[in-house]
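Colleague: Could you give me a close look at one part of this model, and show me how it relates to its surroundings? I work at the bench, so please explain the terms as you go.

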Amino acid sequence: FFFLVFMSLQQAAEKASTDYRKAQKELENLVQAKQQFLTQKHENDMVLQELKLLGDDAQVFKLVGPAMVKKDTKESIANVQTRLDLINRELERIEKRQGDVEKNVRETKEKVMQIQQMAEAQKQQQQKK
């Protein structure tokens, strides 16, 4: 009987550990994606500041493949603002998901610890008999 209980606890511990590792990996990926978006946001903020310094008569060029294409300053500002809006929405989505995954990581870690404690208690109880 003890062996069966111990085996089920061991299986539960393995599953919880696997779930914990998966959640940790997802969290790691989210942090990496967030960092990339923050870098893009910073770059686009700098571009927007530079574009706003230009007068309406200034010439703005955009690199499209190997060619430089002339763009209207107001159109360029609108494009960068649109890009920033998209980046900000994606950052919000990532941060929300990151919070959910962090909660899952904490809960899964607690579950692993509880199962390990139960297994240890069962093992000690069995040794007393």
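**A close look at helix α2**

Modeller: Let's start with T73, which is buried, at 3% relative accessibility. Buried here means under 20% relative accessible area, exposed means over 50%, and partly exposed is what falls in between, using a 1.4 Å probe and protein chains only. T73 is part of helix α2, and its side chain reaches the backbone oxygen of A58 at 3.3 Å. A polar contact of this kind is a pair of N or O atoms within 3.5 Å; within protein, one must be able to donate a hydrogen and the other to accept it, and residues adjacent in sequence count only if both atoms are side-chain atoms.

Before going further, please note that this is a predicted model, where local features need pLDDT of at least 70 and side-chain atom pairs count only at pLDDT 80 or more, while totals for chains, interfaces and linings use all residues. Residues are numbered from 1 along each chain as its sequence is written, and side-chain values use heavy atoms, leaving out hydrogens and water.

The helix itself covers residues 73-128. Helices (H or I, at least four residues) and strands (E, at least two) are DSSP runs, numbered from the N terminus. At the N-terminal end of α2 there is a cap: a side-chain oxygen of D72 lies 3.3 Å from the backbone nitrogen of K74. Does the length make sense, or what should you expect? With 56 residues at 1.5 Å a residue, α2 should span 82 Å, and its end C-alpha atoms are 81 Å apart, so the two agree. The expected span is 1.5 Å times one less than the number of residues.

Farther along α2 comes V105, which counts as buried because its relative accessible area is 9%. The C-alpha atoms of V105 and K123 are 27 Å apart, with their positions 18 residues apart along the chain.

Now for the pairs of charged side chains. Side chains of opposite charge can pair when their charged atoms come close. Here a salt bridge is a side-chain nitrogen of Lys or Arg within 4 Å of a carboxyl oxygen of Asp or Glu, and the structure holds 9 of them. One of these joins E90 and R93, at 2.6 Å from N to O. Both residues sit in α2, 3 residues apart, or about one turn of the helix. E90 is partly exposed at 24% relative accessibility, and R93 is also partly exposed, at 45%.

Another salt bridge links K34 and E95, at 3.8 Å from N to O. Because K34 lies in helix α1 and E95 in helix α2, this pair ties together parts that are 61 residues apart in sequence. E95 is partly exposed, with a relative accessible area of 40%. The two helices can also be followed through Y20, a residue of α1 that is partly exposed at 23%. Y20 and E110 are 90 residues apart in sequence, and their C-alpha atoms are 9.8 Å apart.

Finally, α2 helps to line the largest pocket, which holds about 170 Å³ of space. The elements that give two or more residues to its lining are α1 (2-53), β1 (60-64) and α2, and α2 gives the most, with 4 residues. On a 1 Å grid over the protein atoms alone, a pocket is an open set of points where a 1.4 Å probe fits, with protein on both sides within 12 Å along at least five of seven lines; lining residues have an atom within 4 Å of a point. Grid points are joined across faces, edges and corners, and the volume is the space filled by probe spheres set on the points.

The lining includes V60, S76, N79, V80 and R83, and its residues divide into 5 nonpolar, 2 polar and 3 charged. Ala, Val, Leu, Ile, Met, Phe, Trp, Tyr, Cys and Pro count as nonpolar, Asp, Glu, Lys and Arg as charged, and the others, Gly among them, as polar. V60, in strand β1, is buried at 10% relative accessibility. The C-alpha atoms of V60 and S76 are 7.8 Å apart, although the residues are 16 apart along the chain. R83, in α2, is partly exposed, with a relative accessible area of 36%.
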